[in-house]
Amino acid sequence: MTVEKRKLEHIDIISTQNVSHDYNYWDDVDIVQRSMPEVNFDEIDTTTTFLGKKLKLPILISSMTGGHPDTKKINENLARGAAEAGIAMGVGSERAAILNKKMGDSYSVVTEYDVPFRIANVGAPQLIRQSRNALTDDEIEYAVRLIKANALAIHFNFVQELSQPEGDRNAKGIKNRVGKLSKKYKVIAKETGAGFSMQDALDFKQLGVSAIDTGGRSGTSFAAVESLRSRDKADEKKERVGRTFWNWGIPSPISLIYSNVELPLIASGGIRTGLDVFRGLAMGASLGGLASTFLKAALQSDKEVTNLISKLEVELKSAMMLTGCSNLRDIKKVRRVYRGRLIEWMNQI
Ligand SMILES: Cc1cc2nc3c(=O)[nH]c(=O)nc-3n(C[C@H](O)[C@H](O)[C@H](O)COP(=O)(O)O)c2cc1C
């Protein structure tokens, strides 16, 4: 199984089948509204600064793809939309381009657009020796330069690796490498749907990472994705592991709370609307990140990406108006009421 082929299988499965966690914890974050908000919708200011760069909206197109010629168009549609709207974007794991330079342009296409904040991406398991060598410093530098990145996301995805037919199983030594890379780059420690614990966040702070993308349980489940891939490959054991861990992980809003170690935070995992972005911001995030929602738009056209961003913007601004917020700083003061299954976690933090 080549890395390139795997990327296409992920896109196919995620865009055509239900691979979400069974519960979206963002729905358990209610917002106390204001009936007399004293804010004019058209005067609402959504601009922000993230790691030194200005964005027009606090939205991130989360890391997804690149690595196969067919993915170039997806990244191009996303980059055009991100540039037009002035939002941040990440590319998917760049290992495919590191292993095969011919795949480079499926990622570097994003540099043809004026995206205000670009995030390179490598996997934490690939930073150490597995059945093959760890990525070298030069290879990581190549990944960063390939998309002229403003930051480097290191993604943590062990639940996926363990459910994957060809997954990596070593984790010793990752901390050391993350610490070294954090001296050289603005590193964003990124979960991919299982969430970070408080200890993880404290470790990241100590290692010198620049931001945390909290990616918890509520949205795309990579154990689910790998379970379906394993089923197609008649790998019964892995199919079962993926099914067993389908709903594994720390709920996204809890991962956000655990990660509050005075670093910029990205709320992600199950963010589907501008209201969800607002909920994440109210709970302390600087940006809200969406992946699968953007994938579906990007598979259609660049126009669909632009449409989606403008819908997210209207929803975000509506929530701001309904809570009397005229800028993003005001959102931090908005009262939340937690309910449902989220309370079970809240009570035991
Ligand atoms: C098609 C697809 C491919 C992905 N590939 C990557 C990747 O290469 N690197 C990464 O850090 N995250 C990857 N992710 C994870 C997302 O960035 C995000 O953390 C996760 O999907 C949860 O967000 P969602 O619920 O909005 O989909 C991928 C997600 C999707 C949908």
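In this predicted model, strands β10 (residues 265–268) and β11 (residues 287–290) run parallel and are joined by three bridges. Two of the partnerships can be picked out by residue: I266 is bridged to L287 in β11, and A267 has G288 as its partner in that strand. The connection between the two strands goes by way of helix α12 (residues 274–282), and β10, α12 and β11 together make up a right-handed β-α-β unit.

On its other pairing, β10 meets strand β9 (residues 211–213), again parallel, this time through two bridges. Here D213 sits opposite I266 of β10. I266 therefore turns up in both pairings, with D213 on one strand and L287 on the other; in general, strands of a sheet pair through backbone hydrogen bonds, be it parallel or antiparallel.

What about the side chains of β10? L265 and A267 point one way, I266 and S268 point the other way, and all of them are buried. That fits the usual picture, since side chains in a regular strand alternate between the two faces of the sheet.

Zooming out, β9, β10 and β11 belong to a set of eight strands that close into a barrel, with parallel pairing and the order β4-β5-β6-β7-β8-β9-β10-β11. From one strand to the next, the twist averages 25°. Elsewhere in the barrel order, β4 (59–61) and β5 (88–90) have helix α2 (residues 72–85) lying across them, and α2 runs at about 160° to β5.

Definitions and conventions
Residues are numbered from 1 along each chain as its sequence is written. This is a predicted model: local features need pLDDT of at least 70, side-chain atom pairs count only at pLDDT 80 or more; totals for chains, interfaces and linings use all residues. Two strands pair if DSSP finds at least two bridges between them. Helices (H or I, at least four residues) and strands (E, at least two) are DSSP runs, numbered from the N terminus. Axes are lines fitted to C-alpha atoms, for helices over the stretch in contact, and angles run from 0 to 180 degrees between N-to-C directions. Two residues are in contact if their C-beta atoms, placed from the backbone, lie within 7 Å. A residue is buried if 20 or more other C-beta atoms lie within 10 Å of its own, exposed if 12 or fewer, and partly exposed in between; C-beta atoms are placed from the backbone. A crossover is right-handed if, with the strands pointing away from the viewer, the path from the first strand over the helix to the second runs clockwise.
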